[in-house]
Amino acid sequence: METADLKLDGNALGGLLGEVFAAEITLARSTCGSCGAVREVGALAVYIQAPGAVARCPGCDAVLLRLVRAEGRLWLDLQGVSCLEMRIQAD
Ligand SMILES: [Zn+2]
């Protein structure tokens with residue numbers, strides 16, 4: 001089988017990403033991309049005085065995520081999170 005035969009477009013992720021965004025996010029465990037600390041999202045330091053919400057690592061103060069809600073849209077920047085682990089129902 002050729003690699004090209006295994007290639008799909010982004011629509012193939014629809015079901016999996018639906019599980020990600022349906023999970024209880026405050027219980028998800030985030031890994032800081034800067035210091036490697038692992039904490040539940042609910043334990044992050046959050047600042048809401050910005051145009052959106054900013055969550056920082058309580059250990060090294062790196063920005064882990066930014067969330068802006070405006071004009072009928074949501075912008076989610078997870079650039080500072082190297083991994084987000086969440087519980088889902090077992091198959
Ligand atoms: Zn950190």
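This passage describes a zinc site, the surroundings of a few residues and a sheet in a predicted model.

We can begin with the metal. Four cysteines hold the zinc ion through their SG atoms, namely Cys 32, Cys 35, Cys 57 and Cys 60, at 2.3 to 2.4 Å. Along the chain, these donors follow the spacing C-x2-C-x21-C-x2-C. The arrangement is tetrahedral because the four donor atoms around the zinc ion subtend angles of 102 to 113 degrees. For orientation, the ideal angle for four tetrahedral donors is 109.5 degrees. Two of the ligands can be set side by side in terms of accessibility: Cys 32 is buried, at 3% relative accessibility, whereas Cys 35 is partly exposed, at 43%.

Strand β1, which covers residues 29-32, is the next stop, and Thr 31 is found there. Ser 30 has its place in β1 as well. With a relative accessibility of 2%, Ser 30 counts as buried, and Thr 31, at 18%, also counts as buried; the cut-off for this class is under 20%. Setting aside neighbours within four places in sequence, Ser 30 touches a set of residues that includes Ala 37, Val 38, Leu 44, Leu 64, Val 81 and Cys 83. Under that condition, the contacts of Thr 31 include Gly 36, Ala 37, Val 38, Val 81 and Cys 83.

Val 81 thus appears in the contact lists of both Ser 30 and Thr 31. Val 81 belongs to strand β7, residues 81-85, and is buried, with a relative accessible area of 14%. Beyond its neighbours within four places in sequence, Val 81 is in contact with Ser 30, Thr 31, Gly 33 and Leu 64. Ala 45 is 36 residues away from Val 81 along the chain, and the C-alpha atoms of the two are separated by 14 Å.

The model also contains an open sheet of four strands, in the order β3-β4-β5-β6, with antiparallel pairing. Its edges are formed by β3 (45-47) and β6 (73-77); each has a single partner strand, so one side of each is left without a neighbour in the sheet. On average, and with direction ignored, neighbouring strands of this sheet are turned by 15 degrees against each other. At the β3 edge, three bridges join β3 to the antiparallel strand β4, residues 53-56. Within this part of the sheet, Tyr 47 stands opposite Val 54 in β4.

Definitions and conventions: Residues are numbered from 1 along each chain as its sequence is written. This is a predicted model: local features need pLDDT of at least 70, side-chain atom pairs count only at pLDDT 80 or more; totals for chains, interfaces and linings use all residues. Side-chain values use heavy atoms; hydrogens and water are left out. Donors are N, O and S atoms within 2.8 Å of the metal (3.2 Å for Na, K and Ca); water is not among the atoms, so sites may look incomplete. Four donors count as tetrahedral if all angles lie between 85 and 135 degrees; four count as square planar and six as octahedral if opposite donors are over 155 degrees apart and all others between 65 and 115; anything else is irregular. Buried means under 20% relative accessible area, exposed over 50%, partly exposed in between (1.4 Å probe, protein chains only). Helices (H or I, at least four residues) and strands (E, at least two) are DSSP runs, numbered from the N terminus. Contact means heavy atoms within 4.5 Å. Two strands pair if DSSP finds at least two bridges between them. Axes are lines fitted to C-alpha atoms, for helices over the stretch in contact, and angles run from 0 to 180 degrees between N-to-C directions.
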